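Welcome! Here is a short guided walk through one protein model, with a few stops along the way.

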Amino acid sequence: MATFLYKLGKLAFRRRHFVALIWVALLTLAGVGAASAPTAASSSFSIPGTEAQKAFDLLEKRAPEASADGASARVVFKAPDGEKVTDPANKAEIVKTVGALRTGSDHVARADDPFRAKTVSKDGSTAYASVSYKVTSMELTDEDRDALEKTTDKARDSGLTVEVGGDALQAMPETGSTEIIGIAVAAVVLVITFGSLIAAGLPLLTALIGVGIGVSSITALANALDLGTTTSTLAMMIGLAVGIDYALFIVSRYRGELAEGRDREEAAGRAVGTAGSAVVFAGLTVVIALVGLAVVNIPMLTKMGFAAAGTVVIAVLIALTLIPALLGYAGRRVMPMGEKSRLFGGKKAARAEGEPDSGGEKPNMGTRWARFVVRRPVAVLLVGIVGLGAAAIPVSQLELGLPDDGAQPTSTTQRKAYDLVSDGFGPGFNGPLMVVGDLRGADDPKAAAGEITKTISKLDDVSTVAPPMFNKAGDTAIISVVPSSKPSGIETEDLVHSIRGTGAEITSDTGAEIMVTGTTAMNIDVSQKLNDALLPYLALVVGLAFLLLIVVFRSVLVPLKAALGFLLSVLAALGAVVAVFQWGWLGSLFGVEQTGPIMSMMPIFMVGVVFGLAMDYEVFLVTRMREAYVHGERPGQAVVTGFRHGARVVSAAAVIMIAVFAGFIGSSEQMVKMIGFGLAIAVFFDAFVVRMALVPAVLALLGGKAWWLPKWLDRALPNVDVEGEGLRTAAEKEAGREADAEREPVRV
């Protein structure tokens, strides 16, 4: 592989005009396609195989007028102090507002008058109107949301407190200025790492081009493939992360090759042949992790994984072709700005990337750290494992769930509406359960529905059970059940299981079948599905990547160590997430206003994203060690050499990723904040504790045994030559031929 990529790099360098033109044409084509594509209908959210989804499907077939999966809004009214909502003036204003809600949008299915629906609190201070839409929350237009907001704003002018809950106002969260700061930090780190604005700009430029092509392609295909807005968000985040990483690796290796005296074309070829090989296999591990999301069997998650994987493939192709082409344009301006520029690289940067030390200059920080670890591997290993183990302790108390409006910031109208309902009616009113009764098998459908209602009302944690509502055919009943506990509480989850547990008894007695659905039940089912899929997903991703790394490193112990180290860093990161977002430790520092269960998707999401990035650092750092070992260095010295060449670049890549992910902590949305914090802390643990401390410590302890591979397996595995041994051999042969050609024949 190294030989093929070497030739590809030299070809891209020589034909840089053609290569650059191709990528510009692809970017233009994707942009035109995105601009001319029809507006995508919102991605449908379905969870195949869950009881909640089966109930939704049944209602859509038998009672489409119910709009069971449509968006909903709960408009909460609170009277001024000393007044009641039933006072004539307040009541008239509420009735007027409900009428305006009905006519405010063509998508409104119904808006219930709180006085007829009896949704007025016992003390008369609070009332709420339920608004149902014919389409899902993702399909609502800005005009629909504007009509809802304008109507409630008018009601506030009368002196009433009016807040809106539900998913109708759900929109893309704001991430704030911290995300821009993250990108700025990435740019500064690149400048300090390379000491050259040109070299620093290349990774950012190519990453943006790759993300532009990927996201534009997703936008162009969104309508045809039913892709949601979250798909492009994930693709953008992952594409930017790996795009910067891969370009950083190749530009760094190119500078190292130039420092060794090679001409620019040869340096570009060797950079792509060696660092490019690491990029290919690092990219493959990320693709495996993202495509593996299909194991969860949630269509939306599967599409997100495939789309993000496509963006990673684009990032790899750009690193292998566009980077060497742009290096051809840049000339030697990718080298440090000057011998005296110590702040922005200077000699330090060149030495870090491969230039031999001279003049008694001190070795770089990576070399000094590696020598320290090689001398004291046991102490470093123990400190690292104990530290990560301590951080992972909170995982034992991990509670998973999907957050509701109670997890929103206290400044939002959704959170205010949630609190008003909790105070006026009880927390369970924020997440009523919808029990669907299939009455086709019942001899007396109405009697069967009455029996269902009576059975459910006797269960623990039930606040109220509404009378059953029937569809036009009378063969399906909808029963609203209000729990006593909040939607995200363990008691509500137990109630859902209790209702489902009575299903067999009800069917036996009446012939009717029941299913529990609604937003709360759907969240519970999604959480359960994600929990069940975590171990199979982990086994698939880690297993396939383990086999891939055996091929790359031609070792059994090195990939095993890589996988175990990754698991340790993910557990430690999850422990930190639990401590901050579930327990509230340092919550004020990160803007956590409400503690609660950890988002169900968090473990799988972290495994997929962090595993890919962790293997990036593993492949790039350890391949340099493997390269040194193959070229004859002792095991301990090979570890030091790998750090001398790779530690600076891996550290820079990790700091950039931490800065980018930490930008999401400034989001107003709790879920986005949690994802940003989790990914940032996971990259920190994996890059600076596992890869920078535990990896060299373990390799120092193992010595030559680290690169052991059974002979039968060595013969069976393909030789991908990531270390570039083939390039070295070819160069030696070429030098030999040139030497023979220069010899003149001797006449005798």
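## A guided walk

Arg-554 sits in the loop between α18 (519-553) and α19 (557-582). Please keep in mind that this is a predicted model. The phi angle of Arg-554 is near 50 degrees, a positive value in a residue other than glycine. Is Arg-554 buried or exposed? With a relative accessible area of 11%, Arg-554 is buried, because buried means under 20% relative accessible area.

Lys-118 also has a phi worth a look: the angle is positive, about 60 degrees, although Lys-118 is not a glycine. Look for Lys-118 in the loop between β2 (108-111) and β3 (126-133). Its relative accessibility is 73%, so Lys-118 counts as exposed.

### Charged pairs

Side chains of opposite charge can pair when their charged atoms come close. How many salt bridges does the count come to? The count comes to 18 salt bridges. The table shows some of them, with the N to O distance for each.

| Salt bridge | N to O distance |
|---|---|
| Arg-253 and Glu-257 | 3.1 Å |
| Glu-260 and Arg-262 | 2.8 Å |
| Arg-440 and Asp-475 | 2.8 Å |

Let us begin with Arg-440 and Asp-475, whose side chains meet in a salt bridge. Arg-440 lies in the loop between β6 (433-438) and α15 (445-457), and Asp-475 in the loop between β8 (469-470) and β9 (476-483), so this pair ties together parts that are 35 residues apart in sequence. Arg-440 is exposed, with a relative accessible area of 56%, whereas Asp-475 counts as buried at 12% relative accessibility. Elsewhere, Arg-253, Glu-257, Glu-260 and Arg-262 are joined into one network by salt bridges that share partners.

Within that network, Arg-253 and Glu-257 are 4 residues apart in helix α8, so about one helical turn separates them. Arg-253 counts as buried at 9% relative accessibility, and Glu-257 counts as buried at 4%. The other pair in the table from this network is Glu-260 with Arg-262. Glu-260 is partly exposed, with a relative accessible area of 46%, and Arg-262 is partly exposed, with a relative accessible area of 23%.

### Space inside

Now for the enclosed spaces. There are 6 cavities of 30 Å³ or more by the rule used here. The largest cavity holds about 60 Å³ of space. It is lined by 13 residues, and the closest to its centre are Thr-206, Ala-207, Gly-243, Ala-315 and Ile-318.

Which helix gives the most to the lining of the largest cavity? That is α10, with 5 residues. At least two lining residues come from each of α7 (197-225), α8 (229-259) and α10. Sorted by class, the lining of the largest cavity has 8 nonpolar and 5 polar residues, and no charged residues.

### A nonpolar patch outside

The last stop is on the surface. Val-295, Leu-540, Leu-544 and Leu-547 make a nonpolar surface patch of about 310 Å². One of these, Val-295, is placed in the loop between α9 (264-291) and α10 (299-330). Val-295 counts as partly exposed, because its relative accessibility is 35%.

Definitions and conventions
Residues are numbered from 1 along each chain as its sequence is written. This is a predicted model: local features need pLDDT of at least 70, side-chain atom pairs count only at pLDDT 80 or more; totals for chains, interfaces and linings use all residues. Side-chain values use heavy atoms; hydrogens and water are left out. Patches are made of residues with over 30% relative accessible area and no salt bridge: like charges are joined within 9 Å, nonpolar side chains (Val, Leu, Ile, Met, Phe, Trp, Tyr) within 5 Å. Accessible areas come from the Shrake-Rupley method with a 1.4 Å probe; for residues, only the protein chains shown count as cover. A salt bridge is a side-chain nitrogen of Lys or Arg within 4 Å of a carboxyl oxygen of Asp or Glu. Buried means under 20% relative accessible area, exposed over 50%, partly exposed in between (1.4 Å probe, protein chains only). On a 1 Å grid over the protein atoms alone, a cavity is a set of points where a 1.4 Å probe fits but cannot get out, and a pocket is an open set with protein on both sides within 12 Å along at least five of seven lines; lining residues have an atom within 4 Å of a point. Grid points are joined across faces, edges and corners, and a volume is the space filled by probe spheres set on the points. Ala, Val, Leu, Ile, Met, Phe, Trp, Tyr, Cys and Pro count as nonpolar, Asp, Glu, Lys and Arg as charged, and the others, Gly among them, as polar.
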